[in-house]
Amino acid sequence: MADLTTCCGPETQATCCAPAEKEACCGDGSCGCGAAADVREQVRDRYAAAARAAQPGHVLSLGCGVPTAVADLHEGETVLDLGAGGGADVLISAGRVGPTGRAIGLDMTDEMLELARANAAAASVRNVEFVKGYIEDIPLPDGSVDVVISNCVINLSADKPKVLREAARVLRPGGRLAVSDVIADPDMDAATRADMAQWTGCIAGALTRGEFEAALTAAGLGGIEITETHRVHAHAGSAIIRARKPA
Ligand SMILES: C[S@@+](CC[C@H](N)C(=O)[O-])C[C@H]1O[C@@H](n2cnc3c(N)ncnc32)[C@H](O)[C@@H]1O
C-alpha cells in the first residue's frame, strides 16, 4: 500500500480524508494524487536524463524565455527560481542582486541540483543556494523572497494553481513574480493538447492566458501582465508573465 500519510500536500490531505481512511475513501490509496505523482515522475526522469547528458561546466538552459530580463532585479534582493534546472537563471540573478543579495534555485531532481551546484562552483558564484523540493510545496517560509522567477517549469506541474499560491505565499508584501511559461491558445481540443504536450514537453498541459490570469488572481497577486514573446507550437506561445503581491 502507498504511504498514505505523505502521498500529497497538507491541503489535499485535509480536503481528501484522514490518512487512515484514504485507501477506503479514495479507492486506489493515492488520495487522488496518483496522477500528479505520475506526472512528476515522468518529468523527473526526463530532466534527470538531460542533466546526466550535460557537459560538466556548461550551464544548461532548458527554458523558453528570459525571465531575468524583465524581473528588474536590484542589489540586495532575494530571488527564488522555481525549477532552476542547471542554474542558468540563478547565476544571472546572483550577479544582479550582488554580494548582499541571494539567489535560491529550487528543483526536485537530484541530478539537476548536482549540475547546478557544480556550475555555481565552476563560476565561483557564492551568493547562491540550490534547494531540493517541489514547486507545489516550496520549502521556504512565508514572505521570505523579493522576487520569484521561473523559466518554463510551471507548465510541467499537474497543480499550477497551487504553484502560484505557493509563489504568492513566499513573496514578501510588494514582491514580484516574473516567469516565462507556455500559454495554450484557448481553442484547444484534446488531440491538439496531446500533440502540443509532445512538442513542448508539457506533459501536464499548459494553461490558457485566461486560466493563468484567474489562477494568479486567486493566489492573491495583482498587476498581472501576460505578454506573448514567440510561438512554440501552432496552438501555443511562450509568454512573460508578471504579477505583484500587494504591499
Ligand atoms: C524545462 S526545465 C527548466 C530548467 C531551467 N528553469 C532552465 O530554464 O533551464 C524544468 C526543470 O524543472 C524541474 N521541475 C519540474 N517540475 C518540478 C516540480 N514539480 N517541482 C520542482 N522542480 C520541478 C525539473 O527537474 C527541471 O530541472
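Is Met 112 buried or exposed? In this predicted model, Met 112 is buried, because its relative accessible area is 1% and the limit for a buried residue is under 20%. This report begins with the protein chain as a whole, returns to Met 112, and then turns to the ligand, two helices and several loop residues.

**The chain as a whole**

The protein chain contains 9 helices and 8 strands. Of its 247 residues, 50% are buried. The chain exposes about 11,200 Å², and carbon and sulfur atoms supply 54% of that area. When contacts with a separation of 6 or more are considered, 71% of them are made by residues 24 or more positions apart.

**Met 112 in helix α6**

Met 112 is found in helix α6. Leaving aside residues up to four places away in sequence, Met 112 touches Tyr 47, Ala 50, Ala 51, Leu 60, Leu 62, Gly 85, Gly 86 and Asp 107. One of these residues, Tyr 47, is 65 residues from Met 112 along the chain, yet the two C-alpha atoms are separated by 7.2 Å.

**The ligand and its surroundings**

Two residues touched by Met 112, Leu 62 and Asp 107, also appear in the surroundings of the ligand. There are 22 residues around the ligand, and those that come nearest are Leu 62, Gly 83, Asp 107, Thr 109 and Ile 135. The space that the ligand takes is the largest pocket. The table sets out three pairs of atoms between protein and ligand.

| Residue | Atom of the residue | Atom of the ligand | Distance |
|---|---|---|---|
| Leu 62 | polar backbone atom | oxygen | 2.6 Å |
| Gly 83 | backbone N or O atom | nitrogen | 2.8 Å |
| Thr 109 | polar side-chain atom | oxygen | 2.6 Å |

Taken alone, the ligand exposes 600 Å², and the protein buries 98% of that area.

**Helix α5**

Why is helix α5 described as largely enclosed by the rest of the structure? The helix spans residues 88-97, and 7 of its 10 residues are buried, so the rest of the structure largely encloses it. The buried residues are Ala 88, Asp 89, Val 90, Leu 91, Ser 93, Ala 94 and Val 97. They pack against both helices and strands: the helices are α4 (67-70) and α6 (110-122), and the strands are β1 (78-82), β2 (102-107), β3 (128-132) and β4 (145-151). Helix α6, which holds Met 112, is thus among the elements that the buried residues of α5 pack against. After α5 comes Gly 98, whose phi is positive, near 70°.

**Helix α7 and Lys 162**

Helix α7 is also mostly covered, with 8 of its 11 residues buried. The buried residues of α7 are Lys 160, Lys 162, Val 163, Leu 164, Glu 166, Ala 167, Ala 168 and Val 170. A general property of helices is useful when reading such a list. An α-helix has 3.6 residues a turn, so residues three or four places apart point the same way.

Lys 162 lies in this helix, which covers residues 160-170. Lys 162 counts as buried because its relative accessible area is 8%, and the limit is under 20%. The side chain of Lys 162 makes a polar contact with the side chain of Asp 137, at 3.3 Å. Along the chain, Lys 162 and Ala 219 are 57 residues apart, while their C-alpha atoms are separated by 8.2 Å.

**Glu 211 in helix α9**

Glu 211 belongs to helix α9, which is formed by residues 209-218. With a relative accessible area of 38%, Glu 211 is partly exposed. Glu 211 and Pro 186 stand 25 residues apart in sequence, and the C-alpha to C-alpha distance between them is 9.2 Å.

**Two loop residues with positive phi**

Where does Ser 124 lie? Ser 124 is in the loop between α6 and β3. Phi of Ser 124 is near 55°, a positive value in a residue other than glycine. Cys 152 is placed in the loop between β4 and α7. Phi of Cys 152 is near 65°, again a positive value in a residue other than glycine. Cys 152 counts as buried, at 14% relative accessibility.

Note on methods
Residues are numbered from 1 along each chain as its sequence is written. This is a predicted model: local features need pLDDT of at least 70, side-chain atom pairs count only at pLDDT 80 or more; totals for chains, interfaces and linings use all residues. Side-chain values use heavy atoms; hydrogens and water are left out. Buried means under 20% relative accessible area, exposed over 50%, partly exposed in between (1.4 Å probe, protein chains only). Helices (H or I, at least four residues) and strands (E, at least two) are DSSP runs, numbered from the N terminus. Contact means heavy atoms within 4.5 Å. A residue is near a molecule or strand if one of its heavy atoms lies within 4 Å of it. A polar contact is a pair of N or O atoms within 3.5 Å; within protein, one must be able to donate a hydrogen and the other to accept it, and residues adjacent in sequence count only if both atoms are side-chain atoms. Accessible areas come from the Shrake-Rupley method with a 1.4 Å probe; for residues, only the protein chains shown count as cover. On a 1 Å grid over the protein atoms alone, a cavity is a set of points where a 1.4 Å probe fits but cannot get out, and a pocket is an open set with protein on both sides within 12 Å along at least five of seven lines; lining residues have an atom within 4 Å of a point. A molecule sits in a cavity or pocket if more than half of its atoms lie within 2 Å of its grid points.
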